[in-house]
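User: Hi! Could you walk me through this model? I'm new to reading structures.
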Amino acid sequence: MTPILVLASAAALCVLVMLWGVALLTSDQRVAASAVLAPGKTAKDDVFILDAIADRLGAPLAGPAMDMLAPWRVKIRKRIDAAGRPGGLTVEGYARRTAGYVVLFSVITLLLVLNGQSLGLVCLLGCFQNELVLYGKRVARQDDIQRSMPDFLDVLAVTVSAGLSFRMALARVAESMPGALADEFLVALRQMELGTPRREAFEDLRARNNSEAVNQFVTALLQAEELGAPLGTALIDIGNDMRRESAQWARRKAQRATPKITGITMGMTLPALMMVVLGALFFGSGVGTSGIFGG
């Protein structure tokens with residue numbers, strides 16, 4: 001394999017990674033805006049083009065894909081719920097889209113390998129595109145919940161102290177502060193309206209999210225209910241604890257971001273720096289291209 005082909009393959013890989021990053025960023029914006037969509041517009045109207053292609057390619061394979069994913073169906077549903085069910089995604093839709101990505105990137109890899117480009121095997125990583133995008137949405141949603149919890153609880157405590165019942169106050173605050181956290185509380189409220197006990201609804205809320213803030217809130221709220229503590233006072237105390245936890249979480253997040261930024265910077269600049277150094281050595285040595293290729 002010639003050096004030119006290696007450089008071309010590396011450049012193509014960098015372009016694919018960049019496109020994938022742009023897709024993740026834009027998809028996060030679409031999911032965040034889905035809570036306040038204009039009337040007449042649905043989340044399915046705004047779909048990433050690769051997802052649409054994968055849905056069409058995987059439609060004939062949806063049945064076999066569902067059978068293959070049957071042992072992990074419960075875990076897949078939990079991951080989809082934690083990501084906020086983007087675009088109305090279901091387990092069936094997940095199986096169909098995953099099958100489509102497998103077909104799409106397998107064909108691309110086969111064409112590259114038949115063309116003599118063994119680095120085309122890297123394209124097989126695209127088969128995990130659906131899971132990677134879902135993971136990115138899940139992490140972004142849980143971070144949003146972690147950031148929103150202190151402010152949400154402060155407003156909820158004030159609303160309860162004003163005399164509203166807990167359920168009415170929770171519905172009022174969720175409607176006035178749209179977001180991932182409000183969506184989760186609205187789901188819990190709908191469960192309670194359908195007859196689910198409050199404890200069970202909040203335990204389901206905790207099970208749907210792996211956020212430490214949600215876990216602490218549900219635990220403290222249920223304990224306060226068992227002990228008969230005043231709800232307004234309990235919410236104020238929980239909100240103060242959440243604000244301290246949120247500050248510590250933000251500091252930990254910032255500390256983890258520094259090595260990631262350094263790694264990305266090194267990964268983007270090191271290849272270019274190596275090319276500059278090798279080019280300087282090549283031109284400084286006085287050796288022509290005929291000496292390298294034996295001409």
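User: Let's start small: is Glu203 buried, partly exposed or exposed?
Analyst: Glu203 has 32% relative accessibility, so it counts as partly exposed. Buried means under 20% relative accessible area, exposed means over 50%, and partly exposed is in between (1.4 Å probe, protein chains only). One thing to know early: this is a predicted model, where local features need pLDDT of at least 70, side-chain atom pairs count only at pLDDT 80 or more, and totals for chains, interfaces and linings use all residues. Residues are numbered from 1 along each chain as its sequence is written, and side-chain values use heavy atoms, with hydrogens and water left out.

User: Thanks! Which side chain does Glu203 meet in a salt bridge?
Analyst: That of Arg199, at 3.7 Å from N to O. A salt bridge here is a side-chain nitrogen of Lys or Arg within 4 Å of a carboxyl oxygen of Asp or Glu. Both residues lie in helix α9, 4 residues apart, about one turn of the helix. Helices are DSSP runs (H or I, at least four residues), numbered from the N terminus.

User: How many salt bridges does the count come to?
Analyst: The count is 8. Another of them joins the side chains of Glu184 and Arg208 at 2.9 Å, N to O. Glu184 is in helix α8 and Arg208 in helix α9, so this pair ties together parts 24 residues apart in sequence. Glu184 and Arg208 are both buried.

User: And which residues are linked in a network of salt bridges?
Analyst: Asp51, Asp55, Arg96 and Arg97 are linked that way.

User: New topic: which residues touch the most other members of the largest nonpolar core?
Analyst: That core has 30 residues, and Met149, Phe152, Leu156, Leu170, Phe185, Phe202 and Phe217 touch the most other members. A nonpolar core is a set of buried Ala, Val, Leu, Ile, Met, Phe, Trp, Tyr and Cys residues joined through side-chain atoms within 4.5 Å. Helix α6 gives the most to this core, with 7 residues.

User: What does Phe202 touch?
Analyst: Leaving out residues up to four places away in sequence, Phe202 touches Phe166, Leu170, Phe185, Met192, Phe217, Val218 and Leu221. Contact means heavy atoms within 4.5 Å.

User: Is there a second core, and what does it include?
Analyst: A second, separate core has 11 residues, including Met66, Ile80, Val91 and Ala99.

User: Last one: which residues of α4 meet α6?
Analyst: Arg79, Ile80, Asp81 and Ala82 in α4 meet Glu131, Leu134, Arg138, Arg141 and Gln142 in α6.

Notes. Helix = DSSP H or I, 4+ residues; strand = E, 2+ residues; numbered from the N terminus.
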